[in-house]
Structure formats: structure tokens, C-alpha cells
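Here are my notes for your next look at the structure. Please read them with the model open.

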Amino acid sequence: MKNISIGLLLLCGLLTTACATTPQNTVTNTQSSHVPKNIIFLIGDGMGVEHTTAYRYYTDDLTTEAVETTIFDQLLVGMASTYPDDDTVVTDSAASATALSSGVKSYNGAIGVDAHKEPLATVLEKAKQLGKQTAIVVTSQINHATPAAFIAHNESRQNYDQIADNYLSNLINDKPIVDLMFGGGTKYFIRDDRNLVKEFEDYGYQYTDDLQQLDNITALPALGLFAPVGLPFAIDSAQPHRLEPMAQKALSLLSQHNDNGFFMMIEGSQIDWCSHANDVACAMGELDDFAATIKAARDFAQQQGDTLVVVTADHSTGGLSIGGYGQYLWKRDLVHQIHASIETLSKEMIKTNDVVATWNKYIDFALTTEEKQKLLNASKQKDKMLRDALVEVISHRTITGWTSRGHTAGDVQIFAYGVGAEKFAGHLDNTDIAKAIFSFLK
Ligand code: MG
Ligand code: ZN
């Protein structure tokens, strides 16, 4: 008893937010009170330490002396290594999602299978077997690597149609294993050879393809596909938060009949995509939506009291650095003045054949003569050249560094709140996160 009390005291020092919601009788009732009924697992794809740090400075209220903390700072509990099952060190989203869903390391490209391409049991499947409701909410297509590794088993992330098919063939008690799926992907679910949406409707799923009409979904099971592939970037959307309302709607649907609890995986999918594009304003837009979604999950857990929220990333992307080029400065004010993704800027510059007008339409600071010339020259060549030139101009202006168009292997952060949050403290491997979640599914 004494050891448990001391342990709890230490943990409470470390995890004040988690302990604030832990019932008072935990010491005498350790077993059941440390098993959350509901588990909300959030993954920021490509979200390294530099991303959440940049987000803190980006959201800082410049009228106060303090640098205000973010939801990330408030829930931080640990770090995780992300390497795949070989000696390459740098993971992709598929191997990392497989580690996070199954607790087993695999090769880059693996979707819910081990190094021998054999299917692995996932936490989502386990939750379903226990009679819990299950959900995934993402901004990529719902059959993209991260969600796929929780639901499907395939030797390659590239087999998008097969993975989508597997969402209907991987059954528990003769039913698809996910009760709620929100994201993009009509291209893969409504095809010439097969209409999977219709097949889900035959299983009783309510369906919508309109994000503005989420309220048309009144009960589970439910499927919402809001784009052919991924949803538009937050920075390009009229409604810059789209993950958050999808997650809120999911929480309200899951709460309707929740006798056995639920497991939900929510992914901020496009932090990664913006970072592959070396687009800092785009990345900040995605982080803002993801942070709001974490807050919504935290608020839900605060109200329910029997819920775990655990947040991590699968890897970092882009080799982002806050400052660069030998300068001791990061111009977050200029990042705020960019109102479109580099992808949108580039497409529109080529379509209108007017680099300057397009720049001025979306960006509140003017091009220098030299920058203007650089973009004009690039626009006469390929789209890719123009995008590269835009990255160069925006990165130098905002003093943002990028070392890669791909992933990097720095450890990622773990954030946790609520019942069982203490299991994620300290330095873990990404497989340990899945193992801790499995320990709650017994
Ligand atoms: Mg992903
Ligand atoms: Zn990536």
C-alpha cells in the first residue's frame, strides 16, 4: 500500500492533469479505476517536437510578456522512438502506425502485418472483440496508411483498393469492425468495379458526403466521406477546423449508447503532407485544427471521468527548424500573413499566369523585386519548379528551415490525460504505446 501511494504521489507530481480527474479512491481500488472505459488515441502524422514548438510561438499572444502554453505543453508526458523493423532508422507512416496499432515493429509500407507479412492483432480489433464501439476520424482518405494499420492487413500501403475492400471483409461477429469512419476517400470506396459505400449501407451504416451536413447522421454505424482523396488543407478551407467538428460529432454519436465504452483513433493526417511540401503556414493550419481536436477530446474526458486521451506522432516530417540560414530569428508574424498553401498558390499562379496578383491575393506582405523575378522565372518552367521557388521565398522570408522532403527519425512526444495516463510517462518505444493500450483491453 505504501509503495502504491508513493508511486501515485510521484506520478501526480508528473501528471497533475491526469491525477486531477482520477477518482479519490484510487489507492484502495487500483485495478478497475485505472482501466479507462473509453480510449481516444490521437496521432499527429509527421508532428515532431519542432512542429509543436513552432505552434507555441505561432499561437503566442504577443501583447503579453509570457509565451502562453499550448494543449501540447499541458498534456506532455513522455517521448517515443519510432524506428522500423530494420536498420534504416527512419520510419514511414505505415510501419509506425502498425507499431502503434499492434505493438509490433514492421517494415516501411506494412499495413497491420509483421515482417513476414502475417496479420497482427490491433487495438481496434481487440476493442471490438470486447464489445466496444470503434471509430476512426481522419483528414486523409480513410484507407490511408495510418487509419488502415488499425483496421486492415495488407503487405503494402499502396494497395488502396484492396485496403478499402478489407474494411468490409475484416469482420467481427459478421459485421465490419469500425462503427464510425469520417474522412476522405470516395475515389476508393465508390469505384467502377465496386460500390463499398452501398455495401456499408446494406450493413445499416448511415452515409453522408457533406461535411456541412454532419447532423444528418443520427446514429451509429456511420460513414462520412468528404472528399475524393484527402480533405483540402485547413489553410485552403473556408472552415479551417474540419477534424475538430468531425471528432465532436463522433464523440456525441459514441456517447448515445455507450455501455461498453469505445476506442477511437483520430489522426491529424496532413501535418505530414504540409511538411513534405515544406510549407510552414500549411503545417501551422493543420496543427491548429489538431490542437483544437485534442482540446475537445480532453474536455470530453474531463466531463466523463472514465476516459483516456493519449496523443503521439508517428514520426517527424521535413526536418523543420524554427529559424535557419544563420539567423537568430523566426518570423511567426509573417507566417500568419500567408492564407493559402503553396500547392494552391502554385496552381493558381500557373492558371492565371499572374504570379504577383496571386501572391497579393493570398499573402499580406509584398514580394521583393528579387523574389518576384525568382517566381516569374520558375513559373515559366514546370509546376514543380514554381513550388520549389515558393518554398524558397517563403522559408527565407519567415526564416523557417527544412532539411528534407521526407521523414526524419527524431523521437516524438507523447501526451496523455485521464484514466491510465500514467502508463505513458517517460521514454517509450512506439510499440510500448500499443502495449499500454492493449493492457486496458482485457
Ligand atoms: Mg497518416
Ligand atoms: Zn509522410
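How many salt bridges does the structure hold? The count is 23. Keep in mind that this is a predicted model. Several of these pairs come up below, after the domains and the metal sites.

1. **Domains.** The chain is divided into two parts. Domain 1 covers 3-320 + 407-440, and domain 2 covers 323-401. Their C-alpha centres lie 32 Å apart. At the boundary, 17 residues of domain 1 are in contact with 17 residues of domain 2. About 1,300 Å² is buried between the two domains. Carbon and sulfur atoms give 64% of that area.

2. **A charged pair across the boundary.** The rule finds one salt bridge across the interface of domain 1 and domain 2. As for individual pairs, Asp60 forms a salt bridge with Arg332. Their closest N and O atoms are 2.9 Å apart.

3. **The zinc site.** Which residues supply the protein donors of the zinc ion (ligand 2)? They are Asp272, His276 and His407. Asp272 appears twice, each time through an OD atom, while each histidine uses NE2. The donors lie 2.0 to 2.3 Å from the ion. Along the sequence, the donor residues are spaced D-x3-H-x130-H.

4. **Zinc geometry.** Why is the arrangement around the zinc ion (ligand 2) called irregular? The four donor atoms subtend angles of 57 to 154 degrees. A tetrahedral label would need all angles between 85 and 135 degrees. For comparison, the ideal angle for four tetrahedral donors is 109.5 degrees.

5. **The helix behind the zinc donors.** Asp272 and His276 both lie in helix α13 (residues 270-276). They are four residues apart, about one turn of the helix. In an α-helix there are 3.6 residues a turn, so residues three or four places apart point the same way. Asp272 is buried, at 5% relative accessible area. His276 is partly exposed, at 28%.

6. **The magnesium site.** Asp45 (OD), Thr146 (OG1) and Glu267 (OE) coordinate the magnesium ion (ligand 1). The distances are 2.0 to 2.2 Å. The spacing of these donors along the chain is D-x100-T-x120-E. Asp45 sits in the loop between β1 (38-44) and α4 (49-59), and Glu267 in strand β9 (residues 262-268), so this pair ties together parts that are 222 residues apart in sequence. Asp45 counts as buried, with 1% relative accessibility. Glu267 is buried too, at 0%.

7. **Ser140.** Ser140 has its place in strand β3 (residues 133-141). Is Ser140 buried or exposed? At 0% relative accessibility, Ser140 counts as buried. Beyond its sequence neighbours within four places, the residues in contact with Ser140 include Glu267, Ser269, Gln270 and Trp273. Pro147, Gly183, Gly184, Val229 and Gly230 are also in contact with Ser140. Glu267 thus appears twice in these notes: as a magnesium donor and as a contact of Ser140.

8. **Helix α16 and its cover.** The buried residues of helix α16 (residues 342-352) are Ile342, Leu345, Ser346, Glu348 and Met349. What covers them includes α17 (355-362), α18 (369-379) and α19 (383-398). Asn353 follows α16, and its phi is positive, near 55 degrees.

9. **A pair between α16 and α17.** Lys361 and Glu348 meet in a salt bridge through their side chains, at 2.6 Å from N to O. Lys361 lies in helix α17 and Glu348 in helix α16, so the pair ties together parts that are 13 residues apart in sequence. The two ends are set differently. Lys361 counts as exposed, at 53% relative accessibility. Glu348 counts as buried, at 18%.

10. **The salt-bridge network.** Shared partners join Asp161, Asp165, Arg191, Asp193, Arg194 and Glu199 into one network of salt bridges. One of its pairs is Asp165 with Arg191, at 3.0 Å from N to O. Asp165 lies in helix α9 (residues 160-169) and Arg191 in the loop between α10 (186-189) and α11 (196-202), so the pair ties together parts that are 26 residues apart in sequence. Both Asp165 and Arg191 are buried.

11. **One more pair.** Arg56 forms a salt bridge with Asp73, with the closest N and O atoms 2.8 Å apart. Arg56 is in helix α4 and Asp73 in helix α5 (residues 71-75), so the pair links distant parts of the chain, 17 residues apart. Asp73 is partly exposed, at 27% relative accessible area.

Notes: Residues are numbered from 1 along each chain as its sequence is written. Chains are lettered from A and ligands numbered from 1 in the order in which they are written. This is a predicted model: local features need pLDDT of at least 70, side-chain atom pairs count only at pLDDT 80 or more; totals for chains, interfaces and linings use all residues. Side-chain values use heavy atoms; hydrogens and water are left out. Donors are N, O and S atoms within 2.8 Å of the metal (3.2 Å for Na, K and Ca); water is not among the atoms, so sites may look incomplete. Four donors count as tetrahedral if all angles lie between 85 and 135 degrees; four count as square planar and six as octahedral if opposite donors are over 155 degrees apart and all others between 65 and 115; anything else is irregular. Helices (H or I, at least four residues) and strands (E, at least two) are DSSP runs, numbered from the N terminus. Buried means under 20% relative accessible area, exposed over 50%, partly exposed in between (1.4 Å probe, protein chains only). Contact means heavy atoms within 4.5 Å. Domain bounds come from an automatic or database domain assignment. Buried area is the accessible area (1.4 Å probe) that two parts lose on being put together, summed over both. A salt bridge is a side-chain nitrogen of Lys or Arg within 4 Å of a carboxyl oxygen of Asp or Glu.
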